[in-house]
Amino acid sequence: MSENKTIRIIVTRQDRPDTAPYEEEFVIPYRPNMNIISALMEIRRNPVNAKGEKTTPVAWEMNCLEEVCGACSMVINGKPRQSCTALVDQLEQPIRLEPMRTFPVIRDLQVDRSRMFDSLKKVKAWIPIDGTYDLGPGPRMPERKRQWAYELSKCMTCGVCLEACPNVNSKSNFIGPAPLSQVRLFNAHPTGAMHKAERLEAIMGDGGLANCGNSQNCVQSCPKGIPLTTSIAALNRAATIQMFRNFFGSDEV
């Protein structure tokens, strides 16, 4: 029966960053257990649209194909998500594929996520070490803290939470939920806590915590189920304490 079935896919395409987007429809043979990536691969193998016209293969990003790298993010039937875990059998047809509009489009479904990576640099989302030689085992974290910190470490910088957030757009410099959650993660680390004040200062200004409207969209859309708004609430408390320390002066970290 599957030999006679087909899949209709409407892709929002864009040839270059400076050209207008347009829609192109494709009809491909159905196979059981297909995901969006395998459907796009079928289009790439035989780039002919629904009108029977030869066209260019659709451009998109992918890497791990198991929802770990975050590269294959796109808007599928109006919802930002990972295309590797979007099963065709669970989607309403015609399936509409669009690039995330929070980020500049490079071509077709491929976007430039530099905005998010620049925000991670701004908040210093890493643990600085002295050199590349073996430093031995690091300090241990209490098990209770390690458990929730592990949940925050699942972030794969896919950009889905930024796409879902109404406060992240071309008219706003809000850094978004993912970089904020990483501030909480690295401030909780025994070594990363040395730069806790510096990270908090980075999110206390324009484009930081104050720009969050608490719409909760990020939590609902995160493919890893990261408690992003819980992190933002905790950071609001930490930023308030940091503000008082800045005002009154304190030697505490």
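Arg8 lies in strand E1, where strands (E, at least two residues) and helices (H or I, at least four) are DSSP runs numbered from the N terminus. The model is predicted, so local features need pLDDT of at least 70 and side-chain atom pairs count only at pLDDT 80 or more, while totals for chains, interfaces and linings use all residues. Residues are numbered from 1 along each chain as its sequence is written, and side-chain values use heavy atoms, with hydrogens and water left out.

**Arg8 and its surroundings**

Arg8 is partly exposed, with a relative accessible area of 35%; buried means under 20% relative accessible area, exposed over 50%, and partly exposed in between (1.4 Å probe, protein chains only). Leaving aside neighbours within four places in sequence, Arg8 is in contact with Glu25, Phe26, Val27, Gln93, Pro94 and Ile95, contact meaning heavy atoms within 4.5 Å. Arg8 and Arg81 are 73 residues apart along the chain, and their C-alpha atoms are separated by 19 Å.

Two of the contacts of Arg8, Gln93 and Pro94, are joined by a cis peptide bond, with omega near 0 degrees. Pro94 is placed in the loop between E4 and E5.

**The sheet**

Five strands form an open sheet of mixed pairing, in the order E2-E1-E5-E3-E4. Two strands pair if DSSP finds at least two bridges between them. Strands E2 (22–29) and E4 (79–82) stand at the edges with a single partner strand each, so one side of each is left without a neighbour in the sheet. From one strand to the next the twist averages 35 degrees.

Three of the pairings can be described by their bridges. Strand E1 (residues 6–13) pairs with E2 in the antiparallel sense over eight bridges, and Ile10 has Glu25 of E2 as its bridge partner. E1 and E5 run parallel and are joined by three bridges; here Val11 has Leu97 of E5 as its bridge partner. E3 and E5 pair in the antiparallel sense over two bridges, and Leu97 in E5 is also the bridge partner of Ile76.

The side chains of E5 alternate: Ile95 and Leu97 point to one face and are buried, whereas Arg96 and Glu98 point to the other and are not.

Helix H1 (residues 36–45) lies across E1, E2, strand E3 (73–76) and strand E5 (95–98), and runs at about 95 degrees to E2. Axes are lines fitted to C-alpha atoms, for helices over the stretch in contact, and angles run from 0 to 180 degrees between N-to-C directions.

**Loop residues on either side of H1**

Asn49 lies in the loop between H1 and E3 and is buried, with a relative accessible area of 9%. Apart from neighbours within four places in sequence, Asn49 is in contact with Glu24, Glu25, Phe26 and Thr55. Asn49 and Ile28 are 21 residues apart in sequence and 9.1 Å apart in space, C-alpha to C-alpha.

Most residues other than glycine have a negative phi, and most peptide bonds are trans. The table lists two residues with positive phi.

| Residue | Phi | Loop | Relative accessibility |
|---|---|---|---|
| Asn33 | near 65 degrees | between E2 and H1 | 68%, exposed |
| Glu67 | near 55 degrees | between H1 and E3 | 18%, buried |

**Packing of H6 and H8**

The axes of helix H6 (residues 196–204) and helix H8 (residues 228–248) come within 10 Å and cross at roughly 100 degrees. That makes H6 roughly perpendicular to H8, on a scale where angles under 35 degrees count as roughly parallel, over 145 as roughly antiparallel, 65 to 115 as roughly perpendicular and the rest as oblique. H6 contributes Ala197, Leu200, Glu201, Ile203 and Met204 to the contact, and H8 contributes Leu235, Ala238, Ala239, Gln242, Met243 and Asn246. These residues divide into eight nonpolar, two polar and one charged; Ala, Val, Leu, Ile, Met, Phe, Trp, Tyr, Cys and Pro count as nonpolar, Asp, Glu, Lys and Arg as charged, and the others, Gly among them, as polar.

**Cysteines**

The count comes to zero disulfides, a disulfide being a pair of cysteine sulfur atoms within 2.5 Å. For Cys64, the nearest cysteine sulfur is that of Cys69, 3.6 Å away. Cys64 is partly exposed, with a relative accessible area of 25%. The sulfur of Cys222 is 6.5 Å from the closest cysteine sulfur, in Cys158, which is too far for a bond. Cys222 is buried, with a relative accessible area of 15%.
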